[in-house]
Amino acid sequence: MSALLCLIAGVVSCYVIVYYCVIRGASCSSSVKLKGRTAIVTGSNTGIGKTTALDLAKRGARVILACRNKEKAEAAAFDIRRESGNNQVVFMQLDLASFKSVRSFAENFLKTEPRLDILINNAGVMGPGRTEDGFGLAFGVNHLGHFLLTNLLLERLQQCGPSRVVNVAALLHRCGTIDFPLLASKKDLVSGQSAWHNFRAYCNSKLCNVLFTRELANRLEGTSVTCYSLHPGVIYTELCRSMSLWLQLLMIPLSKLFFLDLEAGSQTTLHCALQQGIEPLSGRYFSNCTLQQVGAKGRDDALAKKLWEG
């Protein structure tokens, strides 16, 4: 019995060491306060978006929750105001699957908000379907919606500089590809709607996030706006929300043991949004709160320019 207890204790100790040294990763070390500054976080009614918005609110920022679902976003805004003690947390409706909605959001924001200091393009989807404008859902929401939103708000960001754009990508960008003939014919980067196609579409959209950040940095060189892309870590809500019910149930115990929680998953986003001294690294990619090398396709400036102009 004593030998069994020692074995169990050893396994638990090893897991704790691995979790905190390898899985959990680094934390944002910035202590900057944000009173008088305004931040937009897309997809911030749940998951790491909500956790990110809460941290910004605790630092004194005026935080705009840019979300599609009004009921969930207003509930999230209430939670964040209560927990942070900051009443400057508001919901503004944004459906990234609709160019009309993106333009309406930008118009409303520019009319009512005098500042924009931080834009965090956090929202993301992985699943079947099409946007209102006929594009594949992952490509349309994860890339095109944020691409349009950023460009519509870019002048305000420049007026309020130094300011930042943070694009939440993923390590899976390394598995992504961009097929321009397919995009021209199908308005998507995949040819089907199967589970495999949905996974591929997500990877492709994350490569688009990395390339968009790279080209945006090139175009903003010499201005007071910097931009960064990042991998937030492996987070249960990100990977599993589009899976079948039985697969989600299977993943729950694994997620509790090996995936990041929401607070840990928001740290690299916060690092890119807040850390002083990383301005010379505009256009680069971060993971675990440190600069990382992107995949080969993510370093292709010609590909990034073609995606922007295409």
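What follows is a friendly dialogue on reading several local features of this structure.

Biologist: Before we start, what kind of model is this, and how are residues numbered?

Modeller: This is a predicted model, where local features need pLDDT of at least 70 and side-chain atom pairs count only at pLDDT 80 or more, while totals for chains, interfaces and linings use all residues. Residues are numbered from 1 along each chain as its sequence is written, and side-chain values use heavy atoms, with hydrogens and water left out.

Biologist: Thanks! Which side chains meet in a salt bridge with Lys-50 and with Lys-111?

Modeller: The general idea is that side chains of opposite charge can pair when their charged atoms come close. A salt bridge here is a side-chain nitrogen of Lys or Arg within 4 Å of a carboxyl oxygen of Asp or Glu. By this rule the count is eleven salt bridges. One of them joins Asp-79 to Lys-50, at 3.0 Å from N to O. Asp-79 belongs to helix α3 (residues 70-84) and Lys-50 to helix α2, so the pair ties together parts 29 residues apart in sequence. Helices are DSSP runs of H or I with at least four residues, strands are runs of E with at least two, and both are numbered from the N terminus. A network of salt bridges links Lys-50, Asp-79 and Arg-82. As for Lys-111, its partner is Glu-107, at 3.2 Å from N to O; both lie in helix α4 (residues 99-112), four residues apart, about one turn of the helix.

Biologist: Is Lys-111 buried or exposed?

Modeller: Relative accessible area decides that: buried means under 20%, exposed over 50%, and partly exposed in between, using a 1.4 Å probe and protein chains only. Lys-111 is exposed at 66%, while Glu-107 is partly exposed at 45%. For another salt bridge, take Asp-117 and Arg-115, with closest N and O atoms 2.5 Å apart. Asp-117 is buried at 4%, and Arg-115 is partly exposed at 30%.

Biologist: Where does Arg-59 lie, and which backbone oxygen does its side chain reach?

Modeller: Arg-59 is in the loop between α2 (47-58) and β2 (62-67), and is buried, with a relative accessible area of 12%. For its partners, look for polar contacts: pairs of N or O atoms within 3.5 Å, where within protein one must be able to donate a hydrogen and the other to accept it, and residues adjacent in sequence count only if both atoms are side-chain atoms. The Arg-59 side chain reaches the backbone oxygen of Ser-30 at 3.0 Å, and a polar atom of that side chain also lies 3.0 Å from the backbone oxygen of Val-32.

Biologist: How many disulfides are there?

Modeller: A disulfide is a pair of cysteine sulfur atoms within 2.5 Å, and a search of the whole structure finds zero. For Cys-175, the nearest cysteine sulfur is that of Cys-203, 4.8 Å away. For Cys-289, the nearest is that of Cys-28, at 6.1 Å.

Biologist: What is the sign of phi at Cys-289, positive or negative?

Modeller: Although Cys-289 is not a glycine, its phi is positive, about 65°. This residue is in the loop between β7 and β8 and is buried at 10%. Asn-288, also not a glycine, has a positive phi of about 55°, but is partly exposed at 37%.

Biologist: And which peptide bond is cis?

Modeller: Look at the bond from Gly-161 to Pro-162, which is cis with omega near 5°. Pro-162 sits in the loop between α5 (137-159) and β5 (163-168).
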